[in-house]
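Biologist: Please put the model on screen, and I'll go through it with you bit by bit.

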Amino acid sequence: MTQFSPDLSERLLRCEIETPALREKYEKEVQAMFEKRLGPAQRWMWVFWTLFGLAQAIVFSWAAVASFGQLPGWGTLIFAIGVPFALATAGLSAWIAYTGRLLLKTHPPAIAGLMWVLIVILVTIFMVAAPDSIVGLRMLLSGLIFLVMVAVFMLAGRTEQAELRTKEKLLEIEYRLADLSDRIGQSHGS
Amino acid sequence: MNREKESVYWQLLILRCQRGDAAALQEFVRCWEKRLFYYVRRLVDQEADAWDVLQKTWMKVVRDLKALKYSQSLPCWLYTVARNTAIDHQRATHCGPHYQSLQSADIEQPLCTTPEPELALDDAEAVHRALSQLSVDHREVLTLFFLQDLSIKEIAQIVGTSEGTIKSRLHYARHALRRLLQEDK
């Protein structure tokens, strides 16, 4: 038989001596797994995207105002919707450029979402600007192919996220129940 | 935390990691890094190598976390990934005695049937020192046994051997540990 108290593992862990320099190097490497440090050139690229986002916001605002009454209502609406998304692109890019860090778990999905909206708006522009000819039809079709591909991709991602969120809620309830039964058990024991 | 609550907690944390929650992932690493480091440190000679192995372990864990379905097997899975990474690291750097031992064939020693005298483990520092003097096979099973309170079946899964071999290794490892602790006194 081996007799060991439940906290033996904790006491053993405390006995492990770590070299601070090696620990620091490891922590930097682990941190690098979650975020990418940007070099000066990369930061300037994000500055460029910030300016691009701002320019987009100006163009979409102007297009929304100019197209009001000239185009079908949905065309104007999509241009107007494009403004906050362009500002969000500019905001996100400015934040990345300012901090010099790209969070690998959160930034790429956000950028993908914003790019999807940009594609929707570009397809709208194709639809509005397309000439009434076979060339115009081709422009529309190529735009629609991109739109459908990205929409399927985004939809699959959304469905997966919704499924995970439902599971998370159920697990939260299960955790609360386990916590409650644990507390009841402890109060009965005492 | 009882076993059921702990299991639900890990499931919840894994799910949040799978959803791309960076804070959950950092929490997950924080919760496991000390135990995994302790285990890996018992498998490799140099501390710098242990940190390298741990970092590579996290890279594999983060990459494969999406595919993990059953959190009941989470400790088993994590220790298995760490063990395989340590073996790969040893293979890439050198074929030292540790590597040879971790790769050793599944030789089951006969299990002694005489009852074991009690082994009191009050002095964690003495146990920690004694562990480093054991053979790597004995050290590994005892570390898993002490660290995580894993079952024989789970330890066998991690080490990739039969339950009988683990029982036998644990038996001889306890004997060796007792002898070392007595010498230490």
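Biologist: Let's start with chain A: in what order do its elements run from the N terminus on?

Modeller: Bear in mind that this is a predicted model, where local features need pLDDT of at least 70, side-chain atom pairs count only at pLDDT 80 or more, and totals for chains, interfaces and linings use all residues. Residues are numbered from 1 along each chain as its sequence is written, while chains are lettered from A and ligands numbered from 1 in the order in which they are written. Chain A comes to 6 helices (DSSP H or I, at least four residues) and 3 strands (DSSP E, at least two), with elements numbered from the N terminus. Read from that end, the order is β-α-α-β-α-α-β-α-α.

Biologist: And what share of the residues in chain A is buried?

Modeller: A residue is buried with 20 or more other C-beta atoms within 10 Å of its own, exposed with 12 or fewer and partly exposed in between, the C-beta atoms being placed from the backbone. Chain A has 190 residues in total. The buried ones make up 12%.

Biologist: Take Arg14(A) as a test case: is that residue buried, exposed or partly exposed?

Modeller: Arg14(A) belongs to helix H1 of chain A. There are 13 other C-beta atoms within 10 Å of it, so Arg14(A) is partly exposed.

Biologist: How far apart in space are Arg14(A) and Gly39(A)?

Modeller: Along the sequence, 25 residues separate Arg14(A) from Gly39(A). In space, going from C-alpha to C-alpha, the pair is separated by 38 Å.

Biologist: Which element supplies the largest share of the side of chain A that touches chain B?

Modeller: Residues count as being in contact when their C-beta atoms, placed from the backbone, lie within 7 Å. By that test, the contact takes 34 residues from chain A and 41 residues from chain B. Strand S1 (2-3), helix H1 (8-15), helix H2 (20-34) and helix H6 (134-189) of chain A each bring at least two residues to their side. With 11 residues, the largest share comes from H6(A).

Biologist: Over to chain B, then: what is the order of its elements from the N terminus on?

Modeller: Chain B is made up of 9 helices and 1 strand, and buried residues account for 37% of its 185 residues. Of the contacts in chain B between residues at least 6 apart in sequence, 68% link residues at least 24 apart. Its elements go α-α-α-α-α-β-α-α-α-α.

Biologist: Which helix gives the most to the side of domain 1 of chain B that touches domain 2 of chain B?

Modeller: An automatic or database assignment sets the bounds, splitting chain B into domain 1 (3-101) and domain 2 (104-184). Between them, 13 residues of domain 1 contact 15 residues of domain 2. On the domain 1 side, helix H2 (22-41), helix H4 (74-93) and helix H5 (97-102) of chain B give two or more residues each. The most, 5 residues, come from H4(B).

Biologist: H2(B) and H4(B) also pack on each other, so at what angle?

Modeller: On one side of that contact sit Trp32(B), Leu36(B), Tyr39(B) and Val40(B) of H2(B), and they meet Leu78(B), Tyr79(B), Ala82(B) and Ala86(B) of H4(B). Axes here are lines fitted to C-alpha atoms, for helices over the stretch in contact, and angles run from 0 to 180 degrees between N-to-C directions. H2(B) and H4(B) are therefore oblique to each other (under 35 degrees is roughly parallel, over 145 roughly antiparallel, 65 to 115 roughly perpendicular and the rest oblique). Their axes lie 10 Å apart, and the angle is about 40°.

Biologist: What about H6(B) and H9(B): are they oblique or roughly perpendicular?

Modeller: The axes of helix H6 (residues 124-133) and helix H9 (residues 163-184) of chain B come within 9 Å and cross at roughly 120°. Ala126(B), Arg129(B), Ala130(B) and Gln133(B) of H6(B) make the contact with Leu177(B), Leu180(B), Leu181(B) and Asp184(B) of H9(B). Given that crossing, H6(B) and H9(B) are oblique.

Biologist: Last one: which residues of H9(B) make the contact with H8(B)?

Modeller: Helix H8 (residues 152-159) of chain B packs on H9(B) at about 105°, axes 9 Å apart, and that makes the two roughly perpendicular. From H8(B) come Ile152(B), Lys153(B), Ile155(B), Ala156(B) and Val159(B). Facing them, H9(B) puts in Glu163(B), Ile166(B) and Lys167(B).

Methods. Two residues are in contact if their C-beta atoms, placed from the backbone, lie within 7 Å.
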